[in-house]
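Trainee: Could you take me through one part of this model in detail, and then show me how it sits among its surroundings? I would rather have one connected account than a list.

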Amino acid sequence: MRALNDFSHRDPAFVPGARAATRPDRPLRVGLVRDLGVAAPTAEVNASLDQAADHLRDVGYVVEEIELPVLAEAFRLWYLLCMEEFRLAMPMVNEVGDQGMQKAAEHYYAVAAEWWGERPTLEQFITGYARRGTLIRQLGEILESYPLIVLPVSSEQAFEQDADIASVESMRRLTAAQASMMAIPVLGFPAMSVPTGVANGLPTGVQLLGRRFDEETLLEAATVIETRAGTFTPIDPR
């Protein structure tokens, strides 16, 4: 963390002396989110959530199941804000990108068009950024009550190779399963994944989401889960 916080003239977003978040009250309340409202979790993913919740309860965390629809909306905003910014790079993708990269981009835009149309307007883009600010405030308020949230990294386990370029439907399924990994970066909150085990030869884990400038709470909870779950690498190849 100290290395990440050091000044670099190459970082255009650096802000010196960002104040760390105040320590949350104890016992710490944890929100357990199973389904973001985008893709239902598999049995293996649900089991990993239960396992992580039990590990946290063992050391005094208070875990309560909650809903978090703000992330489903943030996921849809990713397809507007990020993909419209990426559109500026498409000439380079078409010029030097391989067939897989070009096909993935094609599928991303096909899914994005289902919500935002083939070519979103500047008004949509600006309105999307304004809405992003509202969602950041809403999630921040939730994290005041639940300073730590446990949720899936993905609603499914690892996908088959090239699932993103196999078809538009496959891309839609893949991104829906991994909605949290798109929604959280859009809103700019710290999060991390923690392994919990292996099921059917594939890794399982959970994602921890926390308040801005409160990475310490995430790292503490991750240590609890990782210590009790054990080490699972390397996974035997199939």
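Mentor: What follows is a close look at helix H5, then at the aromatic rings around it, and lastly at the strands.

The model is a predicted one, and every value below is computed from it. Helix H5 covers residues 99-116, and its 18 residues reach 25 Å from the first C-alpha to the last, which is close to the 26 Å expected at 1.5 Å a residue. At the start of the helix, a side-chain oxygen of Asp-98 comes to within 3.2 Å of the backbone nitrogen of Gly-100. Just after the other end, Gly-117 takes a positive phi of about 85 degrees.

Within H5, the buried residues are Ala-104, Ala-105, His-107, Tyr-109, Val-111, Ala-112 and Ala-113. What covers these buried residues includes helix H3 (69-86), helix H4 (90-96), helix H7 (163-166) and helix H8 (168-177).

His-107 deserves a separate look. This residue lies in H5, and its relative accessible area of 4% makes it buried, the cut-off being under 20%. Leaving aside residues up to four places away in sequence, His-107 touches Asp-164, Ile-165, Ala-166, Ser-167, Val-168 and Met-171. One of these neighbours also offers a polar partner, for the backbone oxygen of Ser-167 lies 3.4 Å from a polar atom of the His-107 side chain.

The aromatic rings give a second view of how H5 meets H3. The count of aromatic pairs comes to six, taking ring centres within 6.5 Å as the rule. In one of them, the rings of Trp-78 and Tyr-79 have their centres 5.2 Å apart and their planes at 90 degrees, so this pair is edge-to-face. Trp-78 pairs with Tyr-108 as well, and there the centres are 5.6 Å apart and the planes stand at 50 degrees, so the pair is tilted. Because Trp-78 belongs to helix H3 and Tyr-108 to helix H5, this second pair ties together parts that are 30 residues apart in sequence. The three residues can also be described by their accessibility: Trp-78 counts as buried at 15% relative accessibility, Tyr-79 counts as buried at 1%, and Tyr-108 is partly exposed, with a relative accessible area of 25%. Ring pairs join Trp-78, Tyr-79 and Tyr-108 with Phe-75 and Trp-115 into a cluster.

The strands complete the picture. Strand E1 (residues 29-32) pairs with strand E2 (residues 62-65) in the parallel sense over four bridges, with Val-62 of E2 as the bridge partner of Arg-29. Together with helix H2 (residues 43-58), E1 and E2 make a right-handed β-α-β unit.

Strand E5 (residues 202-210) pairs in the antiparallel sense with two other strands. Four bridges join E5 to strand E3 (residues 148-151), where Leu-209 is the bridge partner of Ile-149, and eight bridges join E5 to strand E4 (residues 191-199), where Leu-202 is the bridge partner of Ala-199. The hairpin of E4 and E5 has two residues between the strands, and in this hairpin Asn-200 takes a positive phi near 55 degrees. Seven of the nine residues of E5 are buried, so this strand is largely enclosed by the rest of the structure.

Key: Residues are numbered from 1 along each chain as its sequence is written. This is a predicted model: local features need pLDDT of at least 70, side-chain atom pairs count only at pLDDT 80 or more; totals for chains, interfaces and linings use all residues. Side-chain values use heavy atoms; hydrogens and water are left out. Two strands pair if DSSP finds at least two bridges between them. A crossover is right-handed if, with the strands pointing away from the viewer, the path from the first strand over the helix to the second runs clockwise. Buried means under 20% relative accessible area, exposed over 50%, partly exposed in between (1.4 Å probe, protein chains only). The expected span of a helix is 1.5 Å times one less than its number of residues. Contact means heavy atoms within 4.5 Å. A polar contact is a pair of N or O atoms within 3.5 Å; within protein, one must be able to donate a hydrogen and the other to accept it, and residues adjacent in sequence count only if both atoms are side-chain atoms. Rings of Phe, Tyr and Trp (its six-membered ring) pair if their centres lie within 6.5 Å; planes under 30 degrees apart count as stacked, over 60 as edge-to-face and the rest as tilted.
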